[in-house]
Amino acid sequence: MYDEVAPNPSTGHVDAGAARAKDFGPATVVALGGGSVLDAAKGISLLVANPDAVAADADHLWEAADGLPLIAVPTTSGTGAETNGFGVIEDTAACRKVYLGHPSVKPRVALLDPELTLGLPPAATAATGIDALVHGIASLASRGANAFSVAYATQAVGMVSRALPAATGTVRTSVHAPN
């Protein structure tokens, strides 16, 4: 078990997690947590399968050996980290964010249980809910939008708009113009 991933995971977190996983041996990586944990797990999975690599090598891992299988169990909503094989990691030495990943570390299974989000503090629920809302709006505004994506994005924006106030404990008020 490696439980030292910060909200904005760094290359150091990924390297440390990979070292822990290498000590354990070949296995499946199970990532339980928010988008940052899932992003770090992708990097950890990739580094274990590429023993000479370090997280700061993100730009050179596109042609790496396949990473360990990954199962994602998100406890927040909004990032969609369980749907792809790449994570955003902070390279603190270079003072930049990097995409660390590979198609092989796209989670093979995503276990989605809305009850896992219930203990999240209201501020974190609001932040991840706004993230989900922004993803929907961005999809609607995308130059590549099509009837299929617009239908899903419209549904997502509507669902988040209705559910977020209840999920965060905020009260929605209506303002009506006088007659």
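Two residues are in contact when heavy atoms of theirs lie within 4.5 Å. With that meaning fixed, the account below moves from the chain as a whole to a group of residues that touch one another, and then to some separate sites. The structure is a predicted model.

The chain contains four helices and five strands. Followed along the sequence, these elements occur in the order α-β-α-β-β-β-β-α-α. The C-alpha trace extends over about 70 × 35 × 30 Å along its principal axes. The chain has 179 residues, of which 37% count as buried. Among the contacts with a separation of 6 or more, 67% join residues that are 24 or more positions apart. The accessible surface amounts to about 10,500 Å², and carbon and sulfur atoms contribute 61% of that area. As for charge, the chain carries 10 positive and 16 negative charges, and the mean positions of the two sets are 9 Å apart.

A convenient place to enter the detail is G35, which is part of helix α2. With neighbours within four places in sequence set aside, G35 is in contact with T76, T79 and A81. The relative accessible area of G35 is 9%, and because buried means under 20%, G35 is classed as buried. A further distance helps to place this residue: the C-alpha atoms of G35 and S77 are separated by 8.1 Å, although their positions lie 42 residues apart along the chain.

From G35 the path leads to T76, which sits in the loop between β2 and β3. Which residues does T76 touch, apart from those up to four places away in sequence? They are G33, G34, G35, T117, L120 and T128. T76 is also buried, with a relative accessible area of 19%; the limit for this class is under 20%, so T76 falls within it.

One of the contacts of T76 is T128, a residue of helix α3, which covers residues 122-141. T128 has a relative accessible area of 14% and is therefore buried. Its contacts, again without residues up to four places away in sequence, are T76, S77, G78 and L120. In addition, the side chain of T128 reaches the backbone oxygen of T125 at 3.3 Å.

L120 appears in the contact lists of both T76 and T128. L120 is located in the loop between β5 (109-110) and α3. Beyond the residues up to four places away in sequence, L120 touches T75, T76, T125 and T128. Is L120 buried, exposed or partly exposed? At 23% relative accessibility, L120 counts as partly exposed, because this class covers the values between under 20% and over 50%. For a longer view across the model, the C-alpha atoms of L120 and L46 are 29 Å apart, with 74 residues separating them along the chain.

Three further sites include exposed residues. H60 belongs to the loop between α2 (35-49) and β2 (70-74). With 66% relative accessibility, H60 counts as exposed. The C-alpha atom of H60 lies 15 Å from that of D15, a residue 45 positions away along the chain.

C95 is found in the loop between β3 and β4 (96-101). Most residues other than glycine have a negative phi. C95, which is not a glycine, has a positive phi of about 55 degrees. C95 is exposed as well, with a relative accessible area of 70%.

The last site concerns aromatic rings. How many aromatic pairs does a search of the whole structure find? The search finds one. This pair consists of F148 and Y152, with 4.9 Å from centre to centre and 75 degrees between the planes, an edge-to-face arrangement. The term applies because planes over 60 degrees apart count as edge-to-face. Both residues lie in helix α4 (residues 147-168), where F148 and Y152 are four residues apart, about one turn of the helix. F148 is exposed, with a relative accessible area of 60%.

Notes:
Residues numbered from 1 in each chain as written. Predicted model: local features only at pLDDT ≥ 70, side-chain atom pairs only at ≥ 80, totals over all residues. Heavy atoms only, no water. Helix = DSSP H or I, 4+ residues; strand = E, 2+ residues; numbered from the N terminus. Buried < 20%, exposed > 50% of the residue type's maximum accessible area, 1.4 Å probe, protein only. Polar contact = N/O pair within 3.5 Å; in protein donor to acceptor, adjacent residues only side chain to side chain. Areas by Shrake-Rupley, 256 points an atom, 1.4 Å probe, with all protein chains shown as cover. Lys, Arg positive; Asp, Glu negative; His and termini not counted. Charge placed at Lys NZ, Arg CZ, Asp CG, Glu CD. Phe/Tyr/Trp six-rings, centres within 6.5 Å; stacked < 30°, edge-to-face > 60°.
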